[in-house]
Amino acid sequence: MAEHNDVLVRMVNIWKSFGHVEVLRGVNFHVGYNEIVGLLGDNGAGKSTLIKILTGVHHPDRGEIYWKGEKLIGYSVARARDLGIETVFQERALSEQHTIWRNIFMGREITTSWGFIDVKKEREETERIMRQYMGFTSAALSVDSMVGTMSGGEKQGVAIARALHFQADLIILDEPTTGLSLSETQKVLGFVEEIKKNGKSAIFITHNIYHVYPVADRIVILDRGSIVGEFEKTAISLEKLVEKLYLVARTGRLENNSQEVSVPKDQEKSERDLQSFMP
Ligand SMILES: Nc1ncnc2c1ncn2[C@@H]1O[C@H](COP(=O)(O)OP(=O)(O)O)[C@@H](O)[C@H]1O
Ligand SMILES: [Mg+2]
């Protein structure tokens, strides 16, 4: 059996169908240590499905997952969390009707020797965590702010800070910038940089290359269930990458004569694809 401990996580030959719909077709995907991977693809490409397999939500029909070289058997959501895989959802990241400090420690409370929640300590720690991981620049925010009053970008910042504080090795962001304003998007990109600085890894899922390119070490393109391209950021300019994406959207291929993608061309879909890669 091949060794896989050179990377943090490796998914090998992953297949997944829902009913008659083949969503993933032999996907090989990995994330290195302290690596930010941009997972790029149009709506319906299978990005979320791949990530749900990685987080134990779905089981693949075929394929294997290796975590730090160890093959995962009987994989589950609980196991993924134990390993240190955290998913930050844009909407479901936090509990809206609670304060920031409650959200940071929810489910992982600091308790006093009497077994009560140590409010003082949790508030102090939250202050420190937010300064360390979020810069805590917003004057309008305090540890006592209700999460419901925060912006979309800030909420994700708190969720990422929480994940970093609890030593997650891999933080997954599924479409973190979709629907956010430019300045909110910038904030989220800043939080992703924080993941990198802290020596951890992330998967940044998006259909917008302009959002992921600045923070990614490597960009992986998923198209209709197959990985059609993979680039180290240092090896390709943004302009070249955009060109490649247009080509994939138009032809289902990265090169004019690269690997076949056995999906019938659908003119209407192609035009939608082209638009979805626009900033
Ligand atoms: N639980 C499910 N049951 C049936 N079909 C699903 C399910 N989840 C995803 N799909 C289908 O799989 C395809 C890929 O979906 P998804 O992984 O969400 O793509 P992406 O995140 O790239 O937009 C879509 O056609 C979607 O309708
Ligand atoms: Mg998705």
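**Exercise 1. The ligand shell**

Which residues surround ligand 1? Work out the list, then sort the shell by element and by class.

*Solution.* Keep in mind that this is a predicted model.

Step 1: go around the ligand. Ligand 1 has Phe18, Val21, Val23, Gly41, Asn43, Gly44, Ala45, Gly46, Lys47, Ser48 and Thr49 around it.

Step 2: ask who supplies them. Two elements, β2 (21-31) and α1 (47-54), each give two or more residues to this shell. The largest share is that of α1, with 3 residues.

Step 3: sort by class. The shell around ligand 1 splits into 6 polar, 4 nonpolar and 1 charged residues.

**Exercise 2. A helix on a sheet**

Find the sheet that α1 packs on, and describe how covered the helix is.

*Solution.* Start with the strands.

Step 1: write the order. An open sheet of 4 strands reads β2-β1-β4-β5, with antiparallel pairing. Its edges are β2 and β5 (70-71), each of which pairs on one side only.

Step 2: look inside the sheet. Strand β1 (residues 9-18) and strand β4 (residues 62-67) run antiparallel and are joined by 5 bridges. If you want a register check, take valine 9: its bridge partner in β4 is tryptophan 67.

Step 3: add the helix. α1 packs on this sheet and touches β1, β2 and β4, and its direction makes about 120 degrees with that of β1.

Step 4: check burial. Of the 8 residues in α1, 6 are buried, so the helix is mostly covered. The buried ones are Lys47, Thr49, Leu50, Ile51, Ile53 and Leu54. Lys47 and Thr49 also belong to the shell around ligand 1.

Step 5: see what comes next. Glycine 56 follows α1, and its phi is positive, near 80 degrees.

**Exercise 3. The mixed sheet**

What is the strand order in the open sheet of 6 strands, and which strands are at the edges?

*Solution.* Lay the strands out in order.

Step 1: the order is β6-β7-β8-β3-β9-β10, and the pairing is mixed. At the edges sit β6 (85-89) and β10 (226-232), each pairing on one side only. From one strand to the next, the twist averages 20 degrees.

Step 2: pick two pairs. Strand β3 (residues 36-40) runs parallel to strand β8 (residues 201-206), with 5 bridges joining them. Leucine 40 has threonine 206 as its bridge partner in β8. β6 and β7 also pair in the parallel sense, over 5 bridges, and isoleucine 85 has leucine 170 as its partner in β7.

Step 3: test the edge strand β6 for burial. Because 4 of its 5 residues are buried, β6 is largely enclosed by the rest of the structure.

**Exercise 4. Two helices side by side**

Are α5 and α6 roughly parallel or roughly antiparallel? Decide from the crossing angle, then describe the contact.

*Solution.* You need one angle and one cut-off.

Step 1: the axes of helix α5 (residues 152-165) and helix α6 (residues 182-197) come within 8 Å and cross at roughly 10 degrees.

Step 2: angles under 35 degrees count as roughly parallel, so α5 is roughly parallel to α6.

Step 3: list the contact. α5 contributes Gly152, Gly153, Glu154, Gln156, Gly157, Ile160 and Leu164, while α6 contributes Glu184, Lys187, Val188, Phe191, Glu194 and Ile195. By class, that contact has 5 nonpolar, 4 polar and 4 charged residues.

**Exercise 5. One aspartate and two asparagines**

Place aspartate 169, asparagine 13 and asparagine 34, and say how exposed each is.

*Solution.* Take them one by one.

Step 1: aspartate 169 lies in the loop between α5 and β7 (170-174). It counts as partly exposed because it has 19 C-beta neighbours inside 10 Å, and a residue is buried if the count is 20 or more. Leaving out residues up to four places away in sequence, aspartate 169 touches Leu8, Gly84, Lys200 and Ser201. Its C-alpha is separated by 7.9 Å from that of leucine 83, 86 residues apart along the chain.

Step 2: asparagine 13 sits in strand β1. Its phi is positive, near 50 degrees, in a residue other than glycine. With 13 other C-beta atoms within 10 Å, asparagine 13 is partly exposed.

Step 3: asparagine 34 is in the loop between β2 and β3. Its phi is positive too, near 55 degrees. With 16 C-beta neighbours inside 10 Å, asparagine 34 counts as partly exposed.

Note on methods
Residues numbered from 1 in each chain as written. Chains lettered and ligands numbered in written order. Predicted model: local features only at pLDDT ≥ 70, side-chain atom pairs only at ≥ 80, totals over all residues. Near = placed C-beta within 6 Å. Nonpolar A, V, L, I, M, F, W, Y, C, P; charged D, E, K, R; others polar. Pairing = 2+ DSSP bridges. Contact = placed C-beta atoms within 7 Å. Axes fitted to C-alpha atoms, helices over the stretch in contact; angles between N-to-C directions. Parallel < 35°, antiparallel > 145°, perpendicular 65-115°, else oblique. Buried ≥ 20, exposed ≤ 12 C-beta atoms within 10 Å, placed from the backbone.
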